[in-house]
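Trainee: I would like to learn how to read a model like this one, feature by feature. Could we begin with the strands and then move on to helices, domains and the backbone?

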Amino acid sequence: MSAEQTVLMDGAGIKRALTRIAHEILERNKGVADIVLIGIRSGGAYLADGIAQQISVIEGGAVPVGAIDITLYRDDCSGHLPHHPVGKTDIPFSLEAKKVILVDDVLYTGRTIRAAMDALMDFGRPQSIQLAVLIDRGHRELPIRADFVGRNVPTSQKENVQVVFDRSNQPIEVVLEK
Amino acid sequence: MAEFKHKHIIALRDLTKEDIELLISTAENMREINSRDIKKVPTLRGKTIINLFYEASTRTRTSFEIAGKRLSADTVNITTASSSATKGETLADTALNLLAMKPDIIVMRHAVSGAHYFLANKINCSIINAGDGAHEHPSQGLLDMLTMKDRYGRLDGLKVAIVGDVTHSRVARSNIQGLTKLGSKVFLAGPPTMMPPGVEKLGDVTVCATMNEALQDADVVMMLRIQQERQGKTLMPNAREYSRYFGLNPNNIKLAKPNAMIMHPGPINRGVEMSSSMVDGDQSWILKQVENGVAVRMSMLYHVCGGELE
């Protein structure tokens, strides 16, 4: 890649952040009762698996994990549909009265989160939705904020922040591209 | 990632292997919507789809209508019996008038092969072929391929026997086009009067002398409907004789691989193309085909909305 890259977090840093987020989720919700994790495809879904793993290490119980693809709920589809491949939504349990922890890798404009919340509502009426993100890079265009943040990174809109995953979908680093 | 660049879907012949794989994989991922409590996503909100049917249809029209509605499009159905075609309006005039109402997609079934190509040159919305004469029926071909992929996880290398009136069958043509592009081997059988000359030039297609030859070790047995509305009296002596030579029954199915899948595009003439025990038996995937039809048509509607004018 020709663009200038800075590594913001390495694999160990990401793991520590996810562990902290797992603790914060348990603290805020007083345990794992009624908690489900839903990751936004594709990065968020991998991170949701990581957080779920940490939660089960801390509390000993498994939490249900689902994945959501928001392509069909995007707000830039109204005119000419862009070419977005449709991924698979996989939520094999009801969200009725659950505390849903929505997980994404990078929080930016907030439009993805808006779409994801619309999609979640089609699966029942959760008791609450909380948002966990690895990176919050600012520049919100909608009134949305995260409940659990791995790291806040001030960026310019010209920059790009990416969470890089390896072949087994483990996060290896977070890079800032200028 | 592959991009779908077509504004119209008229024939699988016009699509590449990658196009077909994308349509099928999108349908696989959209299928989950059909099992939700709330079976609707907002993707095509504000789009208008006209289902223009010049020939009778239950499955295809209903399936396209449900597919459009599950994607939040507004769908309108026009069937010939209730349209101005009965007053003598030409296809081009009907289409231009409909176009004045600004639809985004016209889904059309027409008795004339190639009617959609004629129309595509005249109008600026997307056109999806829901069956044209004896040419193609792309949504049926795609849903058949999705159903085979459900069972075997792949299409490459499958032996598919297609038995019956191949000449009149747009289902057979779409399947031949699609399956051969994706690496399946197609074996055709039917009365010589119902076998179009030169069909083996379409790809990896073998014309068999007998039905037994086609069935031998088949992974998939696809029976075609005897199209009574398109038959002259000369193509076959009678339904009973047809059934004796080209009907699927508990005896000849044993030639195929154990537990081979049995498919039929519907509507079925029970006792002619296949015995009732085959239609309703364990090996029948006929209702799964219908179920997959909705997801495949959702995928087609979604992708033509992102396509460019060619």
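Trainee: In what sense do β7(A) and strand β8 of chain A pair, and over how many bridges?

Mentor: Please keep in mind throughout that this is a predicted model. Two strands are taken as paired if at least two bridges are found between them; here β7(A) and β8(A), the latter spanning residues 171-177, pair in the antiparallel sense over 6 bridges. To see one such bridge, look at Gln162(A), whose partner in β8(A) is Val175(A).

Trainee: What is the strand order of the sheet that holds this pair?

Mentor: The sheet is open and has 3 strands in the order β1-β8-β7 of chain A, with antiparallel pairing. The edges are taken by β1 (5-10) and β7 (160-165) of chain A, and because each has a single partner strand, one side of each is left without a neighbour in the sheet. From one strand to the next, the twist averages 25°.

Trainee: Which strands of chain A form the parallel sheet, and in what order?

Mentor: That open sheet is built from 5 strands in the order β3-β2-β4-β5-β6 of chain A, with parallel pairing. Its edge strands are β3 (65-68) and β6 of chain A, each of which pairs on one side only, and neighbouring strands are turned by 25° against each other on average, direction ignored. Within this sheet, β2(A) and β4(A) (residues 99-107) run parallel and are joined by 5 bridges, and Val36(A) stands opposite Val100(A) in β4(A).

Trainee: Which helices lie across β2, β3, β4 and β5 of chain A?

Mentor: One is α2(A), which runs at about 150° to β2(A); another is α3(A), residues 111-121, which runs at about 155° to β4(A).

Trainee: Turning to helix against helix, at what angle do α5 and α6 of chain B pack?

Mentor: One reads the angle and the axis separation together, and then the residues that meet. Helix α5(B) (residues 138-152) and helix α6(B) (residues 170-181) pack at an angle of about 55°, with their axes 8 Å apart, which makes α5(B) oblique to α6(B). Their crossing is right-handed. Among the residues that meet are Leu142(B) and Met145(B) from α5(B), and Val171(B) and Leu179(B) from α6(B); by class, the contact has 5 nonpolar, 6 polar and 1 charged residues.

Trainee: And how far apart are the axes of α1(B) and α10(B)?

Mentor: Their axes are 8 Å apart, and the packing angle is about 120°, so α1(B) and α10(B) are oblique to each other. The crossing of α1(B) past α10(B) is right-handed. From α1(B), Leu23(B), Thr26(B), Ala27(B) and Met30(B) take part, and the residues they meet in α10(B) include Val296(B), Met300(B) and Tyr302(B). The residues of this contact divide into 8 nonpolar, 3 polar and no charged.

Trainee: Which residue ranges does the domain assignment give for chain B?

Mentor: A domain may be assembled from separate stretches of sequence, as with domain 1 of chain B, given as 12-137 + 292-305, while domain 2 is given as 138-290. Their C-alpha centres lie 25 Å apart, and the contact takes 24 residues from each of the two domains. On the side of domain 1 that touches domain 2, α1 (17-30), α2 (59-70), β4 (126-132) and α10 (286-305) of chain B each supply at least two residues, with the largest share, 6 residues, coming from α1(B). The residues of that side divide into 9 nonpolar, 8 polar and 7 charged.

Trainee: How many residues of chain B are in contact with chain A?

Mentor: There are 15 residues of chain B in contact with 15 residues of chain A. On the chain B side, α1(B) gives the most, with 3 residues, and that side divides into 7 nonpolar, 5 polar and 3 charged residues.

Trainee: Finally, where are the cis peptide bonds at Ser42(A) and Pro267(B) found?

Mentor: Here one reads omega along the backbone. A cis peptide bond joins Arg41(A) and Ser42(A), with omega about 0°, and Ser42(A) is in the loop between β2 (35-40) and α2 (43-59) of chain A. The bond from Gly266(B) to Pro267(B) is cis with omega near -10°, and Pro267(B) lies in the loop between β9 (261-263) and α9 (276-279) of chain B.

Terms used. Residues numbered from 1 in each chain as written. Chains lettered and ligands numbered in written order. Predicted model: local features only at pLDDT ≥ 70, side-chain atom pairs only at ≥ 80, totals over all residues. Helix = DSSP H or I, 4+ residues; strand = E, 2+ residues; numbered from the N terminus. Axes fitted to C-alpha atoms, helices over the stretch in contact; angles between N-to-C directions. Domains from an automatic or database assignment. Contact = placed C-beta atoms within 7 Å. Nonpolar A, V, L, I, M, F, W, Y, C, P; charged D, E, K, R; others polar. Parallel < 35°, antiparallel > 145°, perpendicular 65-115°, else oblique. Left-handed = near helix turned anticlockwise from the far one by under 90°.
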